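Hi,

Here is the structure I said I would pass on. Have a look at it first, and then read my notes underneath.

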Amino acid sequence: MSNSTTRGSYEKLSYIQKITRVNRKLRTGDVSRVAVETGFSATHVSDVLAGKYFNDRILNRAYDVTRGRKANSTLL
C-alpha cells in the first residue's frame, strides 16, 4: 500500500488550505464548540485557528464543524 495523498476522486488538503477554509466559514460559538469536543481550552483552539500553533486534531474537528457551510463572504 502506497502512502499517496490522493484518495478516490479528491486530493488531501494541506494544513494551510484547511485552516483557510475553516476561517472563511467560522461562526459565533464555533471555537467554544470545538474546545468542548476536543478537550482543549478555547484560547488554545483560537490560537490554533489563527495559525499560531499547529494541532491536527483541533483543525480536523473545526473543519468537520464548518464542512457544509457557505463562506461568510457569500452571505453578504
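Below is what I found, going from the overall layout to the core and then the charged pairs.

First, keep in mind that this is a predicted model. The chain has 76 residues, and 28% of them are buried. In secondary structure there are 2 strands and 5 helices, and along the sequence they come in the order β-β-α-α-α-α-α. Of the contacts with a separation of 6 or more, 63% are between residues 24 or more positions apart. The chain exposes about 5600 Å², with 51% of that supplied by carbon and sulfur atoms.

Now the inside. The largest nonpolar core has 14 residues, and Val-22, Val-34, Val-45, Leu-49 and Leu-59 are the ones with the most contacts inside it. Helices H1, H2, H3 and H4 each put in at least two residues, and the largest share, 5 residues, comes from H4. If you want one residue to click on, try Leu-59: setting aside neighbours within four places in sequence, its contacts are Tyr-15, Lys-18, Ile-19, Val-22 and Leu-49.

Helix H2 is worth a separate look. It spans residues 30-38, and its buried residues are Asp-30, Val-34, Ala-35 and Thr-38. They sit on the same side of H2, because they cover an arc of only 135° around the axis. And what covers them? The cover includes helix H1 (15-25), helix H3 (42-49) and helix H4 (56-66). After H2 comes Gly-39, which has a positive phi, near 90°.

You may have noticed an Asp among those buried residues of H2. What does its side chain meet? Asp-30 forms a salt bridge with the side chain of Arg-69, at 2.5 Å from N to O. This pair ties together distant parts of the chain: Asp-30 belongs to H2, while Arg-69 lies in the loop between H4 and helix H5 (72-75), 39 residues apart. The two ends differ in burial class. Asp-30 has a relative accessible area of 4%, under the 20% cut-off, so it counts as buried. Arg-69 comes out at 23%, so it falls in the partly exposed class.

That is one of 5 salt bridges in the structure. Two others share Asp-64. With Arg-61, the closest N and O atoms of the pair are 3.6 Å apart. These two are separated by about one helical turn, because they are 3 residues apart in helix H4. Both partners are partly exposed, Asp-64 with a relative accessible area of 36% and Arg-61 at 26%. The other partner of Asp-64 is Arg-67, where the side chains meet at 2.9 Å, N to O.

Where do these pairs lead if you follow them further? Salt bridges link Arg-61, Asp-64 and Arg-67 into a network that also takes in Arg-33 and Glu-37.

If you only have a few minutes, I would start with two views. One is the buried side of H2, with H1, H3 and H4 among its cover. The other is the salt bridge between Asp-30 and Arg-69.

Cheers

Note on methods. Residues numbered from 1 in each chain as written. Predicted model: local features only at pLDDT ≥ 70, side-chain atom pairs only at ≥ 80, totals over all residues. Heavy atoms only, no water. Helix = DSSP H or I, 4+ residues; strand = E, 2+ residues; numbered from the N terminus. Buried < 20%, exposed > 50% of the residue type's maximum accessible area, 1.4 Å probe, protein only. Contact = heavy atoms within 4.5 Å. Areas by Shrake-Rupley, 256 points an atom, 1.4 Å probe, with all protein chains shown as cover. Arc of directions from axis to C-beta. Salt bridge = Lys/Arg side-chain N within 4 Å of Asp/Glu carboxyl O. Core = buried A, V, L, I, M, F, W, Y, C linked by side-chain atoms within 4.5 Å.
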